[in-house]
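Here are some exercises to help you find your way around a new structure. Try each task yourself before you read the solution.

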Amino acid sequence: MPRPERVAGFADVIALLEADGVPHTRHDAQKIVELATDSGPAKGAMLIRWETEVPYATVIHPIVMNVAPERLAAMTECVTLLNHAILLPGFGVDRDQRFAYFRLVLPIEPAGMQADFFRTMVLACLNNSRDFWLALHGVANGEAPEGALRTALALLGQTKAPSTLWKDN
Amino acid sequence: MPPTRITGFADMVELLAADGVTHVKNETEQMVQIPTELGPFKGNLFIRWDRTLPYVNAICPVVFQIPEERMAEVERACMRINHAIALPGFCVEPEQRFAYFRLTVPIEPGGMEASFYRLMMMAAVHNARDFFVALKGVVDGAPGEEALAVAAQQANATAAAAAGSAFEE
């Protein structure tokens, strides 16, 4: 399958991953593809969903599962502070299923998105998840949100530009 | 001739001028301020062209002067709404205590199709409008967990009213 120049649909996402040799599991019916991730402390799976009703591709990386009910308020506060502070917000909390995640919604114009740029943005989702992974886990484990974020931001030095390295996976 | 693709701040301003959109521009900050009035929502849309990263930020302040004791509840409401909607971006400014909608749109090196860019800027204002009443309610004492349901009821009422007026015609 040739590497697409632009990503304009689910088939192009798959073609790009295959051309770049990125291992993935596809779920054609839902237009979801799952990528295993292992980047620093961030280990798990990232999902790319091609939306059918709206012109978006959604990239989601779950970060902390099974947040204790009594830590949901602190997690919500932490995610709020984080989204306000960073350049590419998208952290969220599913308050019913009690997990925290990073979710990037990419608006895709009718002609699609340049394939290299699409890849960069998918990696930005992974990088954000990685960069604040320990802070969010710390909050889940009892740390105060402000302290956990201060540490994470200090370690970063500054909020980062997205990586362009597929091999970050 | 209005630009067909938006690749920078100048294109953004040119498109606004071509569309006859009232705005105030701040060249130093690469930002424009557009007064908005949509249904119950009256405010401003700020669009900032990021100099160092490939992003455009569309920011719509929604409710101001949130009492200290309502901050956690508004955070909860934002989190609940963000998790449910296709295009998340509600957040709270922790020090000045206001809620806003912020859409960070990644822009590929070749820019974004002008009509699609316009659509995304409108999406930011529409989200602010659609959840303004619900968030204001939370500020005034309603539970944050119910904000989504309140917004959905309001949307249904608006749709019903629109359908009614069409029927009368």
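The exercises below work on a predicted model, and each one comes with a worked solution.

**Exercise 1. Find the order of the strands in the open sheet of chain B, and say which strands stand at its edges.**

Step 1. Follow the pairing from strand to strand: six strands form an open sheet in chain B, in the order 2-3-4-5-7-6. The pairing is antiparallel.

Step 2. Look at the two ends of that order. Strand 2 (24-26) and strand 6 of chain B each have a single partner strand, so one side of each has no neighbour in the sheet.

Step 3. Add the twist, which averages 30° from one strand to the next.

**Exercise 2. Work out how strand 7 of chain B is paired, and whether its residues are buried or exposed.**

Step 1. Begin with strand 5 (residues 55-63) of chain B, which pairs with strand 7 of chain B in the antiparallel sense over eight bridges. Two places to check are B:Ile59, which stands opposite B:Arg102, and B:Tyr55, whose bridge partner is B:Pro106.

Step 2. Turn to strand 6 (residues 90-93) of chain B. Its pairing with strand 7 of chain B is antiparallel too, over four bridges, and B:Val92 stands opposite B:Ala99. These two strands form a hairpin with four residues between them, where B:Arg97 takes a positive phi near 55°.

Step 3. Sort the side chains by direction. B:Phe98, B:Tyr100, B:Arg102, B:Thr104 and B:Pro106 point one way, while B:Ala99, B:Phe101, B:Leu103 and B:Val105 point the other way.

Step 4. Now use the cut-off: a residue is buried when its relative accessible area is under 20%. Nine of the nine residues of strand 7 (residues 98-106) of chain B are buried, so this strand is largely enclosed by the rest of the structure.

**Exercise 3. Describe how the helices of chain B are placed against the sheet and how helix 1 meets helix 3.**

Step 1. Take helix 2 (residues 71-84) of chain B: it lies across strand 6 and strand 7 of chain B and runs at about 160° to strand 6 of chain B.

Step 2. Go on to helix 3 of chain B, which packs on the sheet and touches strand 3 (31-38), strand 4 (41-49), strand 5, strand 6 and strand 7 of chain B. Its direction makes about 25° with that of strand 5 of chain B.

Step 3. Compare two helices: helix 1 (residues 9-19) and helix 3 (residues 114-139) of chain B pack at an angle of about 85°, with axes 12 Å apart. The two are therefore roughly perpendicular.

Step 4. List who makes the contact. Helix 1 of chain B brings B:Met12, B:Leu15 and B:Asp19, and helix 3 of chain B brings B:Ala114, B:Tyr117 and B:Arg118. By class, that gives four nonpolar, no polar and two charged residues.

**Exercise 4. Trace the partners of strand 5 of chain A, then check the confidence of the chain.**

Step 1. Strand 4 (residues 42-50) of chain A runs antiparallel to strand 5 of chain A, with four bridges. They form a hairpin with five residues between them, and A:Trp50 stands opposite A:Ala57.

Step 2. Eight bridges join strand 5 of chain A to strand 7 (residues 99-107) of chain A, again antiparallel. Here A:Thr58 stands opposite A:Val105.

Step 3. Strand 5 (residues 56-64) of chain A is mostly covered, with eight of its nine residues buried.

Step 4. Chain A averages a pLDDT of 91, and 92% of the residues score at least 70. Over residues 159-169 of chain A, however, pLDDT stays under 50.

Key: Residues numbered from 1 in each chain as written. Chains lettered and ligands numbered in written order. Predicted model: local features only at pLDDT ≥ 70, side-chain atom pairs only at ≥ 80, totals over all residues. Heavy atoms only, no water. Axes fitted to C-alpha atoms, helices over the stretch in contact; angles between N-to-C directions. Parallel < 35°, antiparallel > 145°, perpendicular 65-115°, else oblique. Contact = heavy atoms within 4.5 Å. Nonpolar A, V, L, I, M, F, W, Y, C, P; charged D, E, K, R; others polar. Buried < 20%, exposed > 50% of the residue type's maximum accessible area, 1.4 Å probe, protein only. Pairing = 2+ DSSP bridges. pLDDT = per-residue confidence, 0-100.
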